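User: Please take a close look at a single part of this structure and explain how it relates to the rest of the chain. I am in my first year, so each step of the reasoning should be set out.

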Amino acid sequence: MRLVISSLISLSFGGAVGLMFLMLGCALPVYDKYWPLFLLFFYILSPIPYCISRRVVDDTDSASNACKELAIFLTTGIVISAFGLPIIFARAEVVSHWSLLVYCMGI
């Protein structure tokens with residue numbers, strides 16, 4: 001029980017720090033670009049496939065399940081896209097490379 005609580009606290013702290021770096025990368029007057037706030041969509045979308053698969057799949061089977069594997073694959077794609085979007089923004093010169101560093105520190 002103690003391990004679960006400490007894990008939950010550390011995950012919430014990490015999420016708060018990540019959102020702080022995202023907001024700093026957008027709102028600081030040096031950068032002044034709000035396009036990277038689209039990363040919040042990835043933060044919202046990432047747990048959805050796995051949550052749906054947990055509702056659909058019967059957990060009594062110990063073997064691997066195709067639905068669960070697909071959900072993990074889709075979640076991985078969404079998380080990788082969250083890293084890729086700021087890089088694409090920097091390559092297209094929508095945001096500066098310094099703000100890209102701040103975003104990636106937050107992810």
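Analyst: A residue is called exposed when its relative accessible area is over 50%, and buried when that value is under 20%. The model discussed here is predicted. The part chosen for the close look is helix H4, which spans residues 66-91, together with the loop between H4 and helix H5.

Some context is needed beforehand. The chain contains five helices and zero strands, and its order of elements from the N terminus is α-α-α-α-α. It has 107 residues, of which 24% count as buried. About 7800 Å² of the chain is exposed, and carbon and sulfur atoms supply 72% of that area. When contacts between residues at least 6 apart in sequence are considered, 53% of them join residues at least 24 apart.

We may begin with the partner of H4. In general, two packed helices are described by the angle between their axes and the distance between the axes. For helix H3 (residues 48-56) and H4, the axes come within 8 Å and cross at roughly 170 degrees. An angle over 145 degrees counts as roughly antiparallel, and H3 and H4 are therefore roughly antiparallel to each other. On the H3 side, the contact is made by Pro49, Tyr50, Ser53 and Val56. On the H4 side, the residues are Cys67, Lys68, Ala71, Ile72, Leu74, Thr75 and Ile78. By character, the residues of this contact comprise eight nonpolar, two polar and one charged. Lysine belongs to the charged class, and Lys68 is part of the contact.

One residue from each side shows the arrangement in detail. Ser53 lies in helix H3 and has a relative accessible area of 2%, so it counts as buried. Its contacts, apart from neighbours within four places in sequence, are with Cys67, Lys68 and Ala71. Those three residues are among the H4 residues listed above for the contact with H3.

From the H4 side, consider Ile78, a residue of helix H4. Its relative accessible area is 18%, which is under the 20% limit, so Ile78 is buried. Beyond its neighbours within four places in sequence, Ile78 touches Phe42, Leu45, Ser46 and Pro49. The C-alpha atom of Ile78 is separated by 9.7 Å from that of Phe41, although the two residues are 37 residues apart along the chain.

Ile80, also a member of helix H4, presents the opposite case. With a relative accessible area of 56%, Ile80 passes the 50% limit and is therefore exposed. Ile80 and Phe42 are 9.5 Å apart, C-alpha to C-alpha, with their positions 38 residues apart in sequence.

H4 also takes part in the largest nonpolar core. This core has nine residues in all: Leu22, Cys26, Leu39, Ala82, Leu85, Phe89, Ala90, Val95 and Leu100. Two elements, helix H1 (2-27) and H4, each give two or more residues to the core. H4 provides the largest share, namely four residues.

Leu100, one of the core residues, links this picture to other places in the chain. Leaving aside neighbours within four places in sequence, Leu100 is in contact with Pro86, Ile87 and Ala90. Its C-alpha atom is 9.1 Å from that of Pro36, a residue 64 positions away along the chain. Pro36 sits in the loop between H1 and helix H2 (39-45). The relative accessibility of Pro36 is 0%, so it counts as buried.

The last stop is the loop that follows H4. Glu93 is located there, between H4 and helix H5 (97-106). Its phi angle is near 60 degrees, which is a positive value in a residue other than glycine. The relative accessible area of Glu93 is 68%, and because this is over 50%, Glu93 is exposed.

In summary, H4 lies roughly antiparallel to H3 and supplies four residues to the largest nonpolar core. Within H4 itself, Ile78 is buried, whereas Ile80 is exposed.

Definitions and conventions: Residues numbered from 1 in each chain as written. Predicted model: local features only at pLDDT ≥ 70, side-chain atom pairs only at ≥ 80, totals over all residues. Heavy atoms only, no water. Buried < 20%, exposed > 50% of the residue type's maximum accessible area, 1.4 Å probe, protein only. Contact = heavy atoms within 4.5 Å. Areas by Shrake-Rupley, 256 points an atom, 1.4 Å probe, with all protein chains shown as cover. Axes fitted to C-alpha atoms, helices over the stretch in contact; angles between N-to-C directions. Parallel < 35°, antiparallel > 145°, perpendicular 65-115°, else oblique. Core = buried A, V, L, I, M, F, W, Y, C linked by side-chain atoms within 4.5 Å.
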